[in-house]
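Work through the exercises below with the coordinates open beside you, and try each task before reading its solution.

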Amino acid sequence: MVARIAILAICLLSLPGVPHAYAFFSRTVHSSLDVYASAILGNSAAVDPKPAATPVAPANAELKPGSRLNIVRYVSGEFARVVTALPRTKTGFKIDVGHPLDEGTLKHELANRGVAASPGDRVQITKVDFRAKEILLEINGGPRGHFRMRDHVQVGMGGPAGPIATTTPTARPGESSTGLGAMLVLDYGRPIPEMSPDDVKQQLSAFLDFSQEQSATVNWVETLPPEIRQAIADKKAVVGMSHDMVLSALGHPDKKVRERDPQGEDTEDWIYGAPPAKVTFVTFVGDKVTRVHEFN
């Protein structure tokens, strides 16, 4: 539009009778600009003036340390019902996240490796590990162990909780009768993306159904003293915590060191972080935290 006005101006000013040409030019310019402005304002009225919504994290965002800790806290220890038979494979059965279940490979593994748990069995996630592009989930102690759920279910009646005693190897109705463990491997094909514990459970839904089971982690935390619950919520270790409580608050340590103190007592230090970042030493005697030291 501006270029056309400029060309018109040159043509008009080159004509005889410049004053008349100038007056005509002025009227033409103003008329053209009025039309141009109306077009712009007309188009802008269709634009939503409201600010854009809060940007969503990009799809390729990698898993954050806090999210990793939440997955360990709210997936490890959870109970589920088996939907599809779990094969007993040493390296775990791989699930390609975002792709249909590989039925052919699953049938081959079940036929050649055996069944660790059948549809309808009640199982427990007993460990969660992370690799660069995978999340490994041990079920009923993993493929190398022998597992009886009753040894891992605790009850309490006003006193300290303890495992349910048993004198028979047979399973209760609904519990895995094989006593065998399994492993499922969530393979993302790239660095593990940002996600929540519920996302992990959804990605396991071809094999496990968590919807009919109460959350073991949440229920256990609710039974703890208020100061311990608050420390776990704040992701802090405090004196008096047990190993499980510290795991819920801080996750697995970067390093463990065992030694004997001057009084001859065996201690174990769980070390989180490394210099120059903050380093936290959590010292246990037996199953209780006796000291927490932080160094910046």
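The exercises that follow concern a predicted model, and they move from ring pairs to charges over rings and then to a pocket and a helix.

**Exercise 1.** Determine how many aromatic pairs a search of the whole structure finds, and classify the geometry of the pair formed by Phe 93 and Phe 207.

Solution. The search of the whole structure returns 3 aromatic pairs. For Phe 93 and Phe 207, the ring centres lie 5.5 Å apart and the planes meet at 65 degrees; since planes over 60 degrees apart count as edge-to-face, this pair is edge-to-face. The next step is to place the two residues: Phe 93 belongs to strand β3 (residues 93-96), whereas Phe 207 sits in the loop between α5 (197-203) and β10 (208-209), so the pair ties together parts that are 114 residues apart in sequence. Both Phe 93 and Phe 207 are buried.

**Exercise 2.** Repeat the analysis for the rings of Phe 281 and Phe 295, and decide whether each residue is buried, partly exposed or exposed.

Solution. The centres of these two rings, Phe 281 and Phe 295, are 5.7 Å apart and their planes stand at 90 degrees, so this pair is edge-to-face. Phe 281 lies in strand β13 (residues 279-285) and Phe 295 in strand β14 (residues 288-295), so the parts tied together are 14 residues apart in sequence. Because partly exposed covers the range between 20% and 50% relative accessible area, Phe 281 is partly exposed at 28%, and Phe 295 is partly exposed at 46%.

**Exercise 3.** Identify which rings lie under the charged ends of Arg 68 and Arg 122.

Solution. The charged end of Arg 68 sits over the ring of Phe 130, at 4.6 Å from its centre. The charged end of Arg 122 sits over the ring of Phe 79, at 4.1 Å from its centre.

**Exercise 4.** Describe the second largest pocket by its volume, its lining and the elements that supply that lining.

Solution. The second largest pocket holds about 420 Å³ of space. Its lining consists of 17 residues, and those nearest its centre are Pro 65, Arg 68, Leu 69, Leu 250 and His 252. By residue class, the lining divides into 9 nonpolar, 3 polar and 5 charged. Both α3 (65-75) and β5 (122-130) supply at least two lining residues, and the largest share, 5 residues, comes from α3.

**Exercise 5.** List the buried residues of helix α8, and examine the backbone just after α8.

Solution. In α8 (residues 243-250), the buried residues are His 243, Met 245, Val 246, Ser 248 and Ala 249. Just after α8, Gly 251 adopts a positive phi of about 80 degrees.

Technical notes: Residues numbered from 1 in each chain as written. Predicted model: local features only at pLDDT ≥ 70, side-chain atom pairs only at ≥ 80, totals over all residues. Heavy atoms only, no water. Phe/Tyr/Trp six-rings, centres within 6.5 Å; stacked < 30°, edge-to-face > 60°. Helix = DSSP H or I, 4+ residues; strand = E, 2+ residues; numbered from the N terminus. Buried < 20%, exposed > 50% of the residue type's maximum accessible area, 1.4 Å probe, protein only. Lys NZ or Arg CZ within 6 Å of the ring centre and 35° of its normal. 1 Å grid on protein atoms, 1.4 Å probe; cavity = no way out; pocket = protein on both sides within 12 Å on 5 of 7 lines; lining within 4 Å. Points joined across faces, edges and corners; volume = space filled by probe spheres on them. Nonpolar A, V, L, I, M, F, W, Y, C, P; charged D, E, K, R; others polar.
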